[in-house]
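Let's take a walk through this structure together, one feature at a time. Keep the viewer open as you read, so that you can turn to each place as it comes up.

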Amino acid sequence: MVYLPAVFFGICLLVSIRKYGWNIEAYLFMLYFLTGIASILLDAQNLYNYNCPKIDFGFFAPISYCFFLFLCIKPFGCVFRGDLIKRVSVKNERVIDFFIYFCFTVFLIIAVVSFDRINEILFNTALSEVRRDAYLGETVSFYDSYSGVFRYICAISTFFYPMTFLCIPLFFYNLIYRKKGIVFLIVTILSSSAPLLSSILQADRSQFLYWAIVFGFSFTLFQKQFTAKSFKKVFLIISPVIIGIIAYFIAVSVSRWGDDSSGDTILYMGMNYLNYCNFVNNLWDAPTSLCEIFPFSYYVLGLPRYFDFAKIVSDYSHLTIATFPTFMGLIFSISGPYIFALYMLFYWLFTPQWLKRRNKDSITLMGIVKMWILVLVPLLGVFGYFYMELNATFAIPFWLLLGYLSLRNT
């Protein structure tokens, strides 16, 4: 059964490319195909540890993994049809500029305030020590030395980190449809990078990986509209970013695992399927909560949030819960099998309805925003559940407001 995801999603990938060409559905299938390959390598090299113990797969868990993911991904091919889009219609483009400048302000706040700390972490401090402090809950906030109104501004800015990811598809829209210059495009990319700075402050790699996944997805969404000139602009702007991300990944990996970090990479890429199967096979009667589905409500009520409740489930089951089990495994581990089934049913029924549009060759910015909100579930769900944190759900109304205002005449 360890081979099942690689074989299944490999076939789905080939069928999607043959039917639609390279498209966002194929991109999603590719992610789970690659992690399926990593699961095979993890098993072959016996890289199991406490975060990903060796298991008996059983029959139901592997089949449900492929089945539910297929249901989540398929609407982004057969319903959305991003490969047919030739035009993005926006009546009010000034609201896009306002959104980008707002996100750029968030980036500037953390960049300026934490500049010395980031410089110290990257060039003078052992990354492993910073990460150890993060695991122990001893990380000091980047605005800890400030007080008064500015401290509150810095604290509030952290709520907008996930929201800035939308600047990545807006980067391609500004490049292709608005013919914006290099400076504005660089500002747009920087506007999406606040989570990267936050990740550095914790010597973490996840936000860098999420950023790269989102960038690849956005590139795929717009790739049929590229000209040779626009492609050169993308290459010019993004090449330094990609080099920086690779260098950072290598530095963090080596700081944790030494010069041979290939096993670490395979483990983190391949544990999603294995942990999903482990949770589905062993957590049917564990304590349950809705904290990852309704994080805002649990925050307001002062109830245990995800990591607190994950510890409760871990103490009950003697399994490591706060790990990478895909979004499906994460929801199953916290909310149990019945809520998980209802969530998947709702997503399967709601997604096609929200993605439908009359004219397949054009789309509004609101249409992109609606697709974006839904696709982040399986897109970044290759590791966990994007909306399990309060600040991620906080982004949804802002994205919808952006889409709504873009429909109004200036």
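**Rings, helices and loops**

A search of the whole structure finds 43 aromatic pairs. One of them joins Tyr27 and Phe217, with ring centres 6.1 Å apart and 65 degrees between the planes, which is an edge-to-face arrangement. Tyr27 belongs to helix H2 (residues 24–44) and Phe217 to helix H12 (residues 206–222), so this pair ties together parts that lie 190 residues apart in sequence. Are these two residues buried or exposed? Both Tyr27 and Phe217 are buried. Please bear in mind as you look at such details that this is a predicted model.

The aromatic residues also gather in a group. Which residues make up one aromatic cluster? The members are Phe8, Phe9, Phe29, Tyr32, Phe57, Tyr65, Phe70, Tyr273 and Tyr276. It is worth selecting them together in your viewer, since their numbers run from Phe8 to Tyr276.

Rings here also meet charged side chains. The charged end of Lys180 sits over the ring of Phe184, at 4.7 Å from the ring centre. A second example involves arginine: Arg357 lies over the face of Phe80, and here the distance to the ring centre is 4.9 Å.

Now to the helices, beginning with H12, which you have already met through Phe217. H12 packs with helix H18 (residues 365–379), their axes 12 Å apart and at an angle of about 135 degrees. Why is this pair called oblique? Angles over 145 degrees would count as roughly antiparallel and those from 65 to 115 as roughly perpendicular, so H12 at about 135 degrees is oblique to H18. The crossing of H12 past H18 is right-handed.

Helix H11 (194–201) has two packing partners to look at. With H5, the axes come within 9 Å and cross at roughly 25 degrees. Since angles under 35 degrees count as roughly parallel, H5 is therefore roughly parallel to H11. H5 passes H11 in a left-handed crossing. The other partner is helix H6 (residues 115–123), whose axis comes within 9 Å of that of H11 and crosses at roughly 60 degrees. That angle makes H6 oblique to H11, and H6 passes H11 in a left-handed crossing.

How many residues of helix H9 are buried? In H9 (residues 167–176), 10 of its 10 residues are buried, and the helix is mostly covered. The buried residues of H9 include Cys167, Pro169, Asn174 and the aromatic residues Phe171, Phe172 and Tyr173.

From H11 we can step into a loop, and then on to others. Ala203 is found in the loop between H11 and H12. Ala203 has a relative accessible area of 1%, so it counts as buried. For a sense of scale, the C-alpha atom of Ala203 is separated by 26 Å from that of Pro304, which is 101 residues away along the chain.

Asn92 also sits in a loop, the one between strand E1 (87–89) and helix H5 (94–113). With a relative accessible area of 12%, Asn92 is buried, because buried means under 20%. What lies 3.5 Å from a polar atom of the side chain of Asn92? The backbone oxygen of Leu405 does.

On the other side of E1, Arg81 is in the loop between helix H4 (75–78) and that strand. Phi of Arg81 is near 50 degrees, a positive value in a residue other than glycine. Thr326 is another non-glycine residue with positive phi, at about 70 degrees. Thr326 lies in helix H17 (residues 326–355), and its relative accessible area of 0% makes it buried.

For a last stop, find Tyr248 in helix H13 (residues 228–257). Tyr248 counts as buried, at 5% relative accessibility. Its C-alpha atom and that of Trp399 are separated by 30 Å, and the two residues are 151 apart along the chain.

Conventions. Residues numbered from 1 in each chain as written. Predicted model: local features only at pLDDT ≥ 70, side-chain atom pairs only at ≥ 80, totals over all residues. Heavy atoms only, no water. Helix = DSSP H or I, 4+ residues; strand = E, 2+ residues; numbered from the N terminus. Buried < 20%, exposed > 50% of the residue type's maximum accessible area, 1.4 Å probe, protein only. Polar contact = N/O pair within 3.5 Å; in protein donor to acceptor, adjacent residues only side chain to side chain. Phe/Tyr/Trp six-rings, centres within 6.5 Å; stacked < 30°, edge-to-face > 60°. Lys NZ or Arg CZ within 6 Å of the ring centre and 35° of its normal. Axes fitted to C-alpha atoms, helices over the stretch in contact; angles between N-to-C directions. Left-handed = near helix turned anticlockwise from the far one by under 90°.
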